[in-house]
Amino acid sequence: MAEKMLEVNDLKISFRTTNGKVQAVRNISFDLYKGETLAIVGESGSGKSVTSRAILGILAGNAIVESGSIIYSGQDLLRISEDDFHKIRGDKISMIFQDPLSSLNPVVRIGKQLTEAMLLKNKGSRRAARRVFNSMLTNLKANMVEALVKEGVPEDQAKKTAAELTGEFNKFNVEALKLQNKYNEAANMLVEAESGVEWILLNIEKKQTNVDYGALTHKLIDEAKRSIHPFVAPAEQMQPIVDKLKSAKFPKKALPDEAAVSALRELNELVTSLKGRTEPNFFRIGYYKMHNPEKDIYSMPVAELNETAKTFLDEHFMIEFIKQEKKALKNAHANALEGKKQLLDMIEKKREIFDGETLDRKACETAIKDMEKVTNVSINRLDTVKDSAAYTFIGSLRSAVETYFTGIRVNPGRIRAYERQKTKYDRLIARNKTPDWKVTPAQTIDLELTKKNIRYIFDHISERYREDIARAESVNFDEKAVEFIDFMKNQAFEVSNKVTKSMARIRAIKLMEEVGIPEPEKRYRQYPFEFSGGMRQRIVIAIALSANPDILICDEPTTALDVTIQAQILELINDLKKKRRLSVIFITHNLGVVANMADRVAVMYAGKIVEYGDVNEIFYSPAHPYTWALLSSMPDLDTTDKLEAIPGTPPNMIYPPDGDAFAVRNKYALEIDFEMEPPMFEVSPTHYAATWLLHPDAPKVEMPKIIRERIARYQKEVAGRE
């Protein structure tokens with residue numbers, strides 16, 4: 001089964017406005033799987049973009065998330081902190097917006113806009129990784145002491161053992177970071193030299209005489225010298241070429257002489273041959289070097305050094321460290337498990353405080369404080385993946401309870417204001433006058449919905465903790481010990497993974513090449529106004545991909561482009577999805593745009609998903625009249641019939657209709673459509689539609705002739721190709 005990347009459940013979002021509360025998204029649910037494209041299709045105002053912005057955590061200030069959850073990597077994106085979201089937004093989930101020009105700063109060069117985020121994110125990531133590494137090591141030490149004391153080891157001896165082991169772990173990681181930093185710097189310079197020599201040789205092949213080859217080669221020599229490192233570019237290989245380049249002649253406004261060209265080609269061959277070098281494992285080597293300072297680690301081949309260091313590390317430290325680490329992990333797990341059981345018992349006792357007809361503020365606040373203490377105990381600080389249910393439980397509960405009591409305070413006044421306005425309006429009508437204004441609905445807080453959200457918060461944490469308790473005996477601490485060490489190694493690597501300006505430039509140019517920008521070195525220094533609309537959109541895509549995200553949200557990325565460029569951008573997004581195994585959410589108002597790129601389609605109308613299925617089901621057996629209307633209005637080269645326009649306009653979502661929101665525009669509407677909202681009917685295990693036409697007692701209605709003929713023609717064409 002495909003890996004689920006994103007899970008949206010029962011999402012409801014409204015906006016406060018001066019005219020009333022706009023219900024933009026109404027209880028929608030969908031999943032996104034690894035490597036698939038989910039298209040969300042609908043007219044403007046249907047709630048598509050609001051949904052995408054909720055996923056990215058960039059809703060407007062007047063937005064109200066009334067209910068629901070958005071689960072990514074075990075975390076509810078509606079309930080995590082902004083600090084945690086900062087690690088996800090742009091890094092794990094990126095977005096391409098509709099207008100590329102408004103997404104770019106017109107007075108800043110393209111190169112700076114591509115590299116700025118890389119550099120800023122890198123600084124923040126390194127700081128965060130250092131904090132996480134130190135915090136986890138401190139918690140490991142405390143749990144190691146506690147575990148040893150429980151075994152009967154005297155406290156002083158337990159503290160000494162834990163301090164020695166965690167201190168040694170920290171020391172050799174520091175040594176490893178020093179070695180890694182030197183290696184990274186040289187490796188980055190080698191990449192820079194590779195890019196530089198390729199650029200010079202390309203200009204020589206084109207016989208460009210207006211290039212300052214002397215200046216370019218001087219910069220190249222500096223990069224080549226700085227790349228000299230026993231594990232990157234050995235001096236005995238690199239230095240002779242550097243010397244040749246130093247002595248070469250580079251006349252102005254002329255091509256370099258044959259000796260210079262020969263040296264450049266020699267350098268190009270060398271950097272190409274060095275690409276497949278074996279990577280040193282500095283986690284192991286750091287410990288080996290720290291305890292064998294007299295050894296020349298660079299005299300050994302890298303593969304041999306890696307194995308030698310591993311054997312030494314295991315014999316002298318790692319076996320004992322893992323032994324004590326497992327005790328610490330078991331101790332932390334047991335403490336958290338006990339806390340989870342206590343919290344479940346406490347929730348059972350305290351829930352009645354939150355389930356009453358009306359809530360008591362003081363009783364709620366006291367209960368939350370009591371549960372907060374136990375919740376802190378229930379969180380395993382040595383887990384390498386945070387449990388968002390646990391970390392957000394108290395904060396979400398406090399927020400929901402505060403919303404409830406805010407409603408208790410403000411609702412009566414808002415209702416009175418509405419009643420005064422309504423009375424005034426009714427008086428004018430009674431005098432046969434037509435007011436030029438509408439009665440603004442009372443913007444009250446839905447107390448029942450808020451109480452439902454409180455119940456969901458309790459249910460969510462309870463369900464998660466019961467699952468944890470049920471599988472407590474099956475936890476493999478050998479695996480967890482390895483996971484913890486790998487996690488700490490990754491954090492240490494993140495600390496050392498400094499992105500320099502030159503590195504960012506190389507990455508930016510490679511990204512520009514990947515998204516199809518010609519002459520990226522030249523384009524790197526240009527401004528957005530020097531690019532066409534299609535090229536600007538390619539730059540925006542490159543920026544979105546710069547952090548190598550898991551999920552890419554495309555919010556109508558082709559709307560501002562002409563048809564030819566649209567096709568190119570769609571093809572590019574499709575190619576990038578396959579190459580990088582991206583999961584894509586593609587938002588559009590045009591079903592035709594996604595016909596050849598979507599795996600599944602969700603059709604939205606008036607804030608709800610009205611039809612949901614795979615792309616073939618939506619195009620070959622659509623079931624909802626709104627989907628029929630969208631398909632009927634879609635141009636087709638072979639269709640001779642007049643395209644059908646959708647009559648009317650979408651409803652005002654300040655006053656959402658009681659029944660099917662599409663009923664007033666639907667020529668197939670039944671009487672019940674104006675009275676009751678239809679449920680989701682199952683057309684197939686993967687295809688659902690919210691229309692009363694699918695009810696067993698509904699009259700038989702055929703889809704429009706223009707769609708039937710188009711489907712028949714498509715099926716005939718497919719059969720002919722087979």
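This dialogue reads a charged surface patch, a pocket and a cavity in a predicted model.

Visitor: Which conventions apply here?

Guide: Residues are numbered from 1 along each chain as its sequence is written, and side-chain values use heavy atoms, without hydrogens and water. Because the model is predicted, local features need pLDDT of at least 70 and side-chain atom pairs count only at pLDDT 80 or more, while totals for chains, interfaces and linings use all residues.

Visitor: Which residues gather in the patch of positive charge on the surface?

Guide: A patch joins like charges within 9 Å, using residues with over 30% relative accessible area and no salt bridge, that is, no side-chain nitrogen of Lys or Arg within 4 Å of a carboxyl oxygen of Asp or Glu. Here Lys-112, Lys-123, Arg-127, Arg-131, Lys-498 and Lys-501 gather in such a patch, and its largest share, four residues, comes from helix H4, residues 110-150, where Lys-123 has its place.

Visitor: How is empty space found, and what lines the largest cavity?

Guide: Rolling a probe the size of a water molecule over the atoms shows where empty space is left. On a 1 Å grid, a cavity is a set of points where a 1.4 Å probe fits but cannot get out, and lining residues have an atom within 4 Å of a point. The structure holds two cavities of 30 Å³ or more; the largest cavity has about 70 Å³ of space, and its lining includes Asp-76, Arg-79, Tyr-456 and His-460, with H12 and H13 each supplying at least two residues.

Visitor: What volume does the second largest pocket have?

Guide: A pocket is an open set with protein on both sides within 12 Å along at least five of seven lines. The second largest pocket has a volume of about 840 Å³ and is lined by 32 residues, with Ile-64, Val-65, Glu-66, Ser-399 and Thr-403 nearest its centre.

Methods
Patch = residues over 30% accessible without salt bridge, like charges linked within 9 Å, V, L, I, M, F, W, Y side chains within 5 Å. Areas by Shrake-Rupley, 256 points an atom, 1.4 Å probe, with all protein chains shown as cover. Lys, Arg positive; Asp, Glu negative; His and termini not counted. Charge placed at Lys NZ, Arg CZ, Asp CG, Glu CD. Points joined across faces, edges and corners; volume = space filled by probe spheres on them.
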